[in-house]
Amino acid sequence: MVKQDRAIRTRKMILESAARVFEERGYKAATINEILTAAGVTKGALYFHFPSKEALADGIMHAQNQWRAVPERACRVQQLVDTIAVHAYRLQSDPMVRAGVRLTLDQQAGGLDRSGPFDHWRLVGTELLEKAGAQNELLPHVDFVETADVLVGSFAGIQAMSQALSDYQDLPGRVSSLVRHILPSVVVPSVLAAVDLSEGRGAAVHAELLEDPVDFL
């Protein structure tokens with residue numbers, strides 16, 4: 001058990017160190033030696049957990065999606081908004097999420113499969129929209145998959161813009177604008193009127209999650 005705990009801590013430390021290097025340098029420019037120096041581990045220890053730079057990047061992209069999900073809400077549209085808002089908050093504050101997003105959008109990352117995070121968020125969005133539709137929270141014409149794709153693609157664009165312009169400092173405001181522009185076209189007006197779309201929603205939901213945190217592996 002002690003060895004297993006130590007291995008889990010070492011793996012986590014390697015991922016966190018690699019995340020910092022990838023976020024700063026990008027996938028192509030980052031080297032294993034830089035990651036080894038940042039993590040303070042031997043090459044053998046790193047390769048025990050991650051046999052290649054690609055495996056490290058895959059681990060980071062996977063880890064960014066492993067945080068505890070937003071608790072179920074009576075209003076599924078609110079749950080969808082909270083999911084988007086808390087991810088934006090994590091982008092501001094969590095190096096693992098920042099590195100995962102950079103890797104996902106890094107067009108110079110040749111040979112790296114960057115589809116996983118997009119597929120994950122499309123699935124999350126589609127499932128929440130389906131539940132909202134089942135509760136008559138959405139307008140009759142709404143296509144769940146199409147709407148999830150629009151939300152995921154739009155979020156990817158505004159976070160990239162926010163990173164370039166303000167290092168994510170204005171991201172909560174941009175996310176609030178995003179949902180305020182898109183949701184009226186898909187959500188029943190009386191439902192939307194009761195949904196919290198404020199800039200501070202991500203921080204509030206994150207604080208709620210910290211009351212019962214679940215770490216990534």
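Student: In which helix of the protein is confidence lowest, and in which is it highest?

Tutor: This is a predicted model, in which local features need pLDDT of at least 70, side-chain atom pairs count only at pLDDT 80 or more, and totals for chains, interfaces and linings use all residues. Residues are numbered from 1 along each chain as its sequence is written, and side-chain values use heavy atoms, leaving out hydrogens and water. By pLDDT, the predictor's confidence in each residue from 0 to 100, with helices taken as DSSP runs (H or I, at least four residues) numbered from the N terminus, the lowest mean, 85, belongs to helix α1 (residues 2-25), and the highest, 98, to helix α10 (residues 189-192).

Student: Which residue forms a salt bridge with R122 from helix α8?

Tutor: A salt bridge places a side-chain nitrogen of Lys or Arg within 4 Å of a carboxyl oxygen of Asp or Glu. R122 also meets D119 in a salt bridge, at 3.6 Å from N to O, but R122 and D119 are 3 residues apart in helix α7. In the other pair the closest N and O atoms are 2.4 Å apart; this pair links helix α7 to helix α8, 27 residues apart, and the partner in α8 is D149.

Student: Is N136 buried or exposed?

Tutor: N136 lies in the loop between α7 (115-134) and α8 (144-166), and its phi is near 60°, a positive value in a residue other than glycine. Buried means under 20% relative accessible area, exposed over 50%, and partly exposed in between (1.4 Å probe, protein chains only). Because its relative accessible area is 61%, N136 is exposed.

Key:
Helices (H or I, at least four residues) and strands (E, at least two) are DSSP runs, numbered from the N terminus.
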